Protein chains: 2
Amino acid sequence: MTVSRGAQIAARLLSRGSKTLASNTSLAVRRPVKGHVHQIRNAAPLHTREPQHAQARAVRDEESDEPPVSTNPAMSFPCLDASEQKTAALLGRSHASGPEPSYTTGNHMVFHSSDPILLDWGGILPSFDIAHETWGTLNADKSNAILLHTGLSASSHAHSTEANPKPGWWEKFIGPGKPLDTERFFIICTNVVGGCYGSTGPSSLDPSDGQRYATRFPILTMDDMVRAQARLLDGLGIEKLYASVGASMGGMQSLAFGVHFPERVGRIVSISGCARSHPYSIAMRHTQRQVLMMDPKWNRGFYYDGVPPHHGMKLAREIATVTYRSGPEWENRFGRQRADASKPPALCPDFLIETYLDHAGEKFSLEYDPNSLLYVSKAMDLFDLGFAHQEATRARRQQNEGKLASLTRGGDVPAQGDPSCSLTLPTKNYEETISTAPMDEAVSSGGMSGPPADLVRGMAPLRNHPVLVMGVASDILFPAWQQREIAETLQATGNEKVRHFELGEEVSAFGHDTFLLDLENIGGEVGRFLR
Amino acid sequence: MTVSRGAQIAARLLSRGSKTLASNTSLAVRRPVKGHVHQIRNAAPLHTREPQHAQARAVRDEESDEPPVSTNPAMSFPCLDASEQKTAALLGRSHASGPEPSYTTGNHMVFHSSDPILLDWGGILPSFDIAHETWGTLNADKSNAILLHTGLSASSHAHSTEANPKPGWWEKFIGPGKPLDTERFFIICTNVVGGCYGSTGPSSLDPSDGQRYATRFPILTMDDMVRAQARLLDGLGIEKLYASVGASMGGMQSLAFGVHFPERVGRIVSISGCARSHPYSIAMRHTQRQVLMMDPKWNRGFYYDGVPPHHGMKLAREIATVTYRSGPEWENRFGRQRADASKPPALCPDFLIETYLDHAGEKFSLEYDPNSLLYVSKAMDLFDLGFAHQEATRARRQQNEGKLASLTRGGDVPAQGDPSCSLTLPTKNYEETISTAPMDEAVSSGGMSGPPADLVRGMAPLRNHPVLVMGVASDILFPAWQQREIAETLQATGNEKVRHFELGEEVSAFGHDTFLLDLENIGGEVGRFLR
């Protein structure tokens, strides 16, 4: 058995002062005395405030030269030991085999666009790849294609293929006679632009210099992602989709595809998505990004030559997991159980729920590109199908069309280090003002006054599409009220073909991740809607 | 204007490869070509997979020696710049004035117990301090005292005093004619053991060697905290409290005081507390602890001689703030507003909700001792008023009584580095099993089958006390169902003096922090109950 790192540190720190230390046998506390109350005026630094300790130490020093003993044993930190060992192992691997990891979920198809794409916030990808996989057969008039959109960190591998027999993330939902019926439909799933599973993202090479984009990658939006997917459809010669289907971030994209290309899609499925992000989900993604960016190994995005920020990624995923899975199910599965009740409590993972989160974070920490997490999660924050937002984007795109034209004419791309690209915090700190005024119904959602007019106007392109909207009552990340918002907004556009289902807590206790798990209720409804 | 750090890093990284770089004017993308689809088989490392780039670079290298230009400008990271500047400033300050900060909220009273205290998990404090403040006058028979328990990070400064005129954290709730009426009651508020505002905690000196406890501080429980408070009451000569009052962690303590000292308290108020922790709140506190412990400056708790882990503390507080304040109010106050809509989006704080969290974290980052956060939040996780848990604790305390006896006889304290104190993770990873079986009603709360029998038995000591239980529907950290659990459990003990109020979302949209803000509803009910 080796001495724990914590104990070593403690011992080292203690040894600095060992000359002034003695064994505890001379402790003053041997003389029990009554307590007393005194007034502290302006707490002074400890070394001047408690001279009796210095005195006591001096006295004891003369008495004994025994090694220092603290009143209680030092804590050990196996979770930090594990992280340090992982860093060392990754460092060794990186020296042996060059800078890795390369993120992959296996064999897939790639659509390469040599045409540049202008992004909503003015960025440009001179060319880009879209990784994708397909299941079923495209019919002769190419009218049976379903575009399946993924969640944040998923690859195109929704189902096993001949080229990659590993089970996909929606394995049970796709196949002959399944909700996405491959006897009838041609299913396409892509890795989003900004991702790392074969599509162009921050870990890709910037063609301007052959170096990784890293944080020179431009800001992305959901609309940019579906715009890139439309290019893939062009490439496949598919004019109009039978349906656009997605859950979570894929639900956002499914709606976005319909709003931006209403003539290119027949019907829409949005599961546990939203029409616009809301502050709680932005806040939770914010904390994930900040934690990742705090990891010194993140190095402002330029970590590809070294050890990746695995610790920051792990913790970001732990936070994400809370938003994906917490719910009544956790009460039942974990409750207040500790992983090993025979051991004393620890600051490292201790309760069963903690070891579960630790494991979920650990598993993910090297599976996904940290910069992709930042860019794609940011794109989710920016999502808003409101009309004003769409108009502002249109205006910005028009302004920036020149960049694209200039690029395709052989001109310059925008100069590097454009100061307008660094958002600096307002110099004045956020001032909290407590208002007890009633909620602004125009802003708040789910109010009695119906969906906001701006959102109704923004989603009007979907007024004639059959739309299936599904939500889960135990979902805290894309809460059920956001699904109601989608459905009510669509109904307010005049759409009479909206189907809205909410899975109550008695049906699913799995929170946001229900869409990955509940073949019967989620899958069943999707299958019936597509029939 | 200085060049941003991000741009500098990017430039440095780019310059490494500048020999192979050229201006973008020779980009291949000038020739628009149709996209194409190809199959990737086993994605190889990028440098072997994309030889065309290496070729292109070589060609361009001969053409031009211009400085490298990336397709899009590099991002800048003002939030990381600010953190680095803060570290530098703290380092300068620490060199100038010695290791600080010392945490204080100003003048207060201190009760010093020279008697050791045995803690629930076997730790020992050979002596300890309890910082406290009081308002009102203790009557002749000492029957009008109310013990006010605090939330996690609060000091004893609940209200301004002559010695410290700064407004306290419950300023409006305490005073003549206020809910805690100083005309009638003698209000006592303490800083909990484990805290850093004058009570003994990890930043205190271990009397065995005169060094800071740091993570040699023993694991604490809520019961330990109220046990220490009982010592203070002994010191003040108060046999029986008129009432025990608290919100959040203070709600836990208020109940714990009643359960463990039923004869020493007349009535109980628990606001947004709980009878036992639940997995979501443990998970959220877990992520806060892990983020803090990930900060290299935390140094396994031994940071007192250097720069404290301000960045980890800041992010931990941001996560905490989400749990304290998210709710319908955020929709109204922040919605999807960006801090400065004229700027492009950024990975540093950008949306108004992000700058709010950033500010909340920043404000707290040096205000509270990081080790106190770890120990006190851990104590909250461990809270459980169930009978089985109480019995196990009693048995453990009996086993450990020997330590205390030995210490007071002048014997040894437990040996340092006791291996039983390092919880190691189970060697087998947590295996996820998806069960769609119905919830176990004995474990789940709020079920139709009533409160769990073990909890009813554990809270039986309160069967005759008038108890006020208040909850807030928009609270996600101590959700309303936990308040119902307290009330129903007490009723199941046979208690007929339970008053339970739940503030609906139409009354308060402020989530968990409602207890700090809502004088009318929270304060009003407390005042009426104490009358």
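Begin by selecting helix α12 of chain A, because this tour starts at a cavity: in this predicted model, α12(A) supplies three residues, the largest share of the lining of the largest cavity.

Next, add helix α5 of chain A to the selection, covering residues 222-236, and keep α12 in view as residues 387-408, since these are the elements that give two or more residues to that lining. The space inside the largest cavity comes to about 90 Å³, and a search of the whole structure finds eleven cavities of 30 Å³ or more.

To find the middle of the largest cavity, show the side chains of Asp120(A), Thr221(A), Asp223(A), Leu382(A) and His389(A), which are the closest to its centre among the 13 residues that line it. If you colour the lining by class, you should find six nonpolar, three polar and four charged residues.

Now leave the cavity and select two helices of chain A, α7 (residues 279-294) and α8 (residues 310-325), which pack at an angle of about 165 degrees with their axes 7 Å apart. An angle over 145 degrees counts as roughly antiparallel, and α7(A) and α8(A) are therefore roughly antiparallel to each other. Their crossing is right-handed.

Finally, show the side chains where the two helices meet: on α7(A) the residues include Tyr280(A), Met284(A) and Val291(A), while those on α8(A) include Met313(A), Leu315(A) and Ile319(A). Taken by class, the residues of this contact between α7(A) and α8(A) divide into nine nonpolar and four polar, with no charged residue among them.

Definitions and conventions
Residues numbered from 1 in each chain as written. Chains lettered and ligands numbered in written order. Predicted model: local features only at pLDDT ≥ 70, side-chain atom pairs only at ≥ 80, totals over all residues. Heavy atoms only, no water. 1 Å grid on protein atoms, 1.4 Å probe; cavity = no way out; pocket = protein on both sides within 12 Å on 5 of 7 lines; lining within 4 Å. Points joined across faces, edges and corners; volume = space filled by probe spheres on them. Helix = DSSP H or I, 4+ residues; strand = E, 2+ residues; numbered from the N terminus. Nonpolar A, V, L, I, M, F, W, Y, C, P; charged D, E, K, R; others polar. Axes fitted to C-alpha atoms, helices over the stretch in contact; angles between N-to-C directions. Parallel < 35°, antiparallel > 145°, perpendicular 65-115°, else oblique. Left-handed = near helix turned anticlockwise from the far one by under 90°. Contact = heavy atoms within 4.5 Å.
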